[in-house]
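Hi,

Here is the structure I said I would pass on. Have a look at it first, and then read on for what turned up.

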Amino acid sequence: MKKFSTFVLVALAMSSCSNNPSTSGNVSFKASAVSSTGKTSSTARTAASTVVITDFKVNIGNIKLETDMEDAMHSTDPIHEDVKLMGPFLLDLLDPNKPLSQFITSVDVPNAKYEEIKFNFTKSLIAGDLEGKTFLIKGTINDKPFVIWSAENIELEMDFMDPTKDFAVNDNTVTLNIKIQLDALMAKITSLANQGLLLDTDGDGIIEITTGFDDGHSTIGHQIKELLENETHLDDKD
């Protein structure tokens, strides 16, 4: 699924690329849960006192940077045509003890113009509440606990709608910030809750919303999964 722009691409330094594959720059990756209304992840957790999100965890698999097909390195140095970073990278995006934009990893890459980033959310193999899941959202709906998760992979291919925003590495440092729009998730959950569609049908005390059949919310679970795909973007702002 091709995604255009909101994991956000922040180019700290943009310049024309070099055709010399012997030199390189550094690319750092970050991720954050943000709000298009300008709220921080902490202040965007509550919507009309109906829904509160307390946890938002994702497990990112491998990350690949693809060179622009028009860049000389695309054809002259096929060994370095693409750059792949091996995951997984487990992130707790609402951890109050961590910064809004959380560092994932960094890598030295050959000087070139890069046009696309590919990565996916994959099932975590690390013991804990994210084990066996690609993402996990926890909170309360009218003070009743809820949990949203999926074991299905989410594949993302992201570039800019504006081709001039392909980013270049030329002995410089570039930071790519993957951003998820938290307020869009809040609005969707709140709307479903206000319609009385989020219920604890099995009576275990937790409203379970998954892409499986927990509490009979499979269709809604897939809607949340698709929303997560659609609200993950690349941009040129931190």
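Before the details, one term: two strands count as paired if DSSP finds at least two bridges between them. Keep in mind too that this is a predicted model.

With that term in hand, start at β5 and β6. These two strands pair in the antiparallel sense, over 4 bridges. If you want a residue to click on, take K64: its bridge partner in β6 is K84. β6 is also a nice one for looking at side chains. In a regular strand, side chains alternate between the two faces of the sheet. You can follow that along β6, where V83 and L85 point to one face and are buried, while D82 and K84 point to the other face and are not buried.

Just past β6 there is a backbone feature to check. G87 and P88 are joined by a cis peptide bond, with omega at about 5 degrees. P88 sits in the loop between β6 (82–85) and β7 (89–92).

Now over to strand β9, residues 112–121. How many of its 10 residues are buried? The count is 7, so β9 is mostly covered. What does β9 pair with? Here are its partners, with a facing pair for each:

- β5 runs antiparallel to β9, and 6 bridges join them; L65 stands opposite I117 in β9.
- Strand β12 (residues 154–159) also runs antiparallel to β9, joined by 5 bridges; N120 stands opposite E155 in β12.
- Strand β13 (residues 167–169) pairs with β9 in the antiparallel sense over 3 bridges; here Y114 stands opposite F167.

The β5 and β9 side of things has a side-chain link as well. E66 belongs to strand β5, which covers residues 51–67. Is E66 buried or exposed? Its relative accessibility is 13%, and buried means under 20%, so E66 counts as buried. The side chain of E66 makes a polar contact of 3.2 Å with the side chain of K118.

Next, the aromatics. Searching the whole structure gives 1 aromatic pair. The partners are F119 and F121, arranged edge-to-face, with 6.1 Å from centre to centre and 70 degrees between the planes. Both F119 and F121 are buried. There is also a charge over a ring to look at: K133 lies over the face of W149, at 5.0 Å from the ring centre.

I had a look for pockets too. The largest pocket holds about 190 Å³ of space. Its lining has 11 residues, and the closest to the centre are N62, K118, F119, N120 and L156. Which elements give two or more residues to that lining? They are β5, β9 and β12. So some names come back here: K118 is the partner of E66 in the polar contact, and F119 is half of the aromatic pair.

N62 is worth a moment of its own. N62 lies in strand β5, and at 29% relative accessibility it counts as partly exposed. N62 and F89 are 27 residues apart along the chain, and their C-alpha atoms are separated by 8.3 Å.

A second pair like that involves E131, in the loop between β9 and β10 (135–141). E131 and N59 are 72 residues apart in sequence, yet 9.4 Å apart in space from C-alpha to C-alpha. E131 has a relative accessible area of 42%, which makes it partly exposed.

Last, the loop between β10 and β11 (144–150), where N142 is found. N142 has a positive phi of about 50 degrees, although it is not a glycine. D143 is in that loop too, and its phi is near 70 degrees, again a positive value in a residue other than glycine. Are these two buried or exposed? N142 is exposed, with a relative accessible area of 52%, and D143 counts as exposed at 74%. The cut-off for exposed is over 50%.

Happy browsing!

Notes. Residues are numbered from 1 along each chain as its sequence is written. This is a predicted model: local features need pLDDT of at least 70, side-chain atom pairs count only at pLDDT 80 or more; totals for chains, interfaces and linings use all residues. Side-chain values use heavy atoms; hydrogens and water are left out. Buried means under 20% relative accessible area, exposed over 50%, partly exposed in between (1.4 Å probe, protein chains only). A polar contact is a pair of N or O atoms within 3.5 Å; within protein, one must be able to donate a hydrogen and the other to accept it, and residues adjacent in sequence count only if both atoms are side-chain atoms. Rings of Phe, Tyr and Trp (its six-membered ring) pair if their centres lie within 6.5 Å; planes under 30 degrees apart count as stacked, over 60 as edge-to-face and the rest as tilted. A charge sits over a ring if NZ of Lys or CZ of Arg is within 6 Å of the ring centre and within 35 degrees of the ring normal. On a 1 Å grid over the protein atoms alone, a cavity is a set of points where a 1.4 Å probe fits but cannot get out, and a pocket is an open set with protein on both sides within 12 Å along at least five of seven lines; lining residues have an atom within 4 Å of a point. Grid points are joined across faces, edges and corners, and a volume is the space filled by probe spheres set on the points.
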